[in-house]
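Welcome! Here is a guided walk through one protein model, from its overall build to a few individual residues. Have a look at it first, and then read on.

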Amino acid sequence: MERKTIIWFSRFSLFIIYFWFGALKVIGISPAEKLVEHLYEATLHQTLGLDTFSFYFGFIECALGLIWLFPALTSWAFYALILHLITTFLPTIFLPNDTWQFIFTPTLIGQYIIKNLALLSTAWFVREAHTVASSASATV
């Protein structure tokens with residue numbers, strides 16, 4: 001398979017995951033809603049309402065998904081993804097009852113969170129491929 005095709009498939013995969021899961025939060029039917037609510041109660045409950053937080057968190061995920069479709073925004077998308085992933089890993093620290101059964105034994109929610117490392121590696125691959133392509137075209 002051609003390298004360019006693999007990179008676009010990776011971009012599209014990141015778009016689908018972020019846009020779809022974000023849209024579920026925006027319309028209030030995300031299966032992760034209870035986890036978001038628990039994390040909200042443990043961290044941000046005094047700053048803004050849960051409905052507002054969930055809506056904007058989902059909206060940001062949708063936007064993050066969309067920007068992966070624009071190669072010129074790759075670096076921005078990568079760093080925004082890292083910030084987002086930091087927030088997604090917070091439950092492993094703040095909500096151990098939701099994320100861990102025993103030491104090194106995640107719950108299903110914990111597994112869902114840990115699998116975000118695959119998103120990081122995909123995003124990193126796209127960013128590096130974009131950087132290499134940009135450097136190559138700049139030297140021509």
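Helices (H or I, at least four residues) and strands (E, at least two) are DSSP runs, numbered from the N terminus. With that in hand, F104 can be placed in the loop between strand 1 (100-102) and strand 2. Its phi is near 60 degrees, a positive value in a residue other than glycine. F104 is exposed because its relative accessible area is 73%; exposed means over 50%, buried under 20% and partly exposed in between (1.4 Å probe, protein chains only).

A few ground rules help with the rest. This is a predicted model, in which local features need pLDDT of at least 70 and side-chain atom pairs count only at pLDDT 80 or more, while totals for chains, interfaces and linings use all residues. Residues are numbered from 1 along each chain as its sequence is written, and side-chain values use heavy atoms, with hydrogens and water left out.

**The whole chain**

The protein chain has 8 helices and 2 strands, and along the sequence these follow the pattern α-α-α-α-α-α-β-β-α-α. Its C-alpha atoms fill a box of roughly 55 × 35 × 25 Å, taken along the principal axes. Of the 140 residues in the protein chain, 34% are buried. Among contacts (heavy atoms within 4.5 Å) with a separation of 6 or more, 70% join residues 24 or more positions apart.

How confident is the predictor? The score to look at is pLDDT, the predictor's confidence in each residue, from 0 to 100. The protein chain averages 92, and 96% of the residues score at least 70. Among its elements, strand 2 (residues 105-106) has the highest mean pLDDT (97), and helix 8 (residues 116-139) has the lowest (88).

**Helix 3 and helix 4**

The axes of helix 3 and helix 4 come within 10 Å and cross at roughly 145 degrees. Axes here are lines fitted to C-alpha atoms, for helices over the stretch in contact, and angles run from 0 to 180 degrees between N-to-C directions. On the helix 3 side the contact is made by F57, E61, L64 and I67, and on the helix 4 side by W76, A77, A80, L81, H84 and T87.

F57 has another partner as well. A search of the whole structure finds 10 aromatic pairs, and one of them joins F53 and F57: this pair is stacked, at 5.5 Å centre to centre and 20 degrees between the planes. Rings of Phe, Tyr and Trp (its six-membered ring) pair if their centres lie within 6.5 Å; planes under 30 degrees apart count as stacked, over 60 as edge-to-face and the rest as tilted. Because F53 and F57 are 4 residues apart in helix 3 (residues 50-67), about one helical turn separates them. F53 is buried, at 16% relative accessibility, and F57 is buried too, at 18%.

Elsewhere, F12, F15 and F19 form one aromatic cluster. The charged end of R11 sits over the ring of W8, 5.5 Å from its centre; this needs NZ of Lys or CZ of Arg within 6 Å of the ring centre and within 35 degrees of the ring normal.

**Four residues and their surroundings**

The table gives contacts that leave out residues up to four places away in sequence.

| Residue | Relative accessibility | Touches |
|---|---|---|
| T74 | 0%, buried | R11, W68, V126, R127 and H130 |
| V126 | 0%, buried | I7, S10, R11, W68 and T74 |
| L90 | 26%, partly exposed | L39 and L95 |
| F94 | 43%, partly exposed | L39, A42 and T43 |

T74 is found in helix 4 (residues 74-89), and V126 in helix 8. The contact lists of T74 and V126 name each other. V126 and S75 are 51 residues apart along the chain, and their C-alpha atoms are separated by 9.5 Å.

Where does L90 sit? L90 is in the loop between helix 4 and helix 5. From C-alpha to C-alpha, L90 and T47 are 17 Å apart in space, with their positions 43 residues apart in sequence. F94 lies in helix 5 (residues 91-94). F94 and H38 are 56 residues apart in sequence and 9.1 Å apart in space, C-alpha to C-alpha. L39 is touched by L90 and also by F94.
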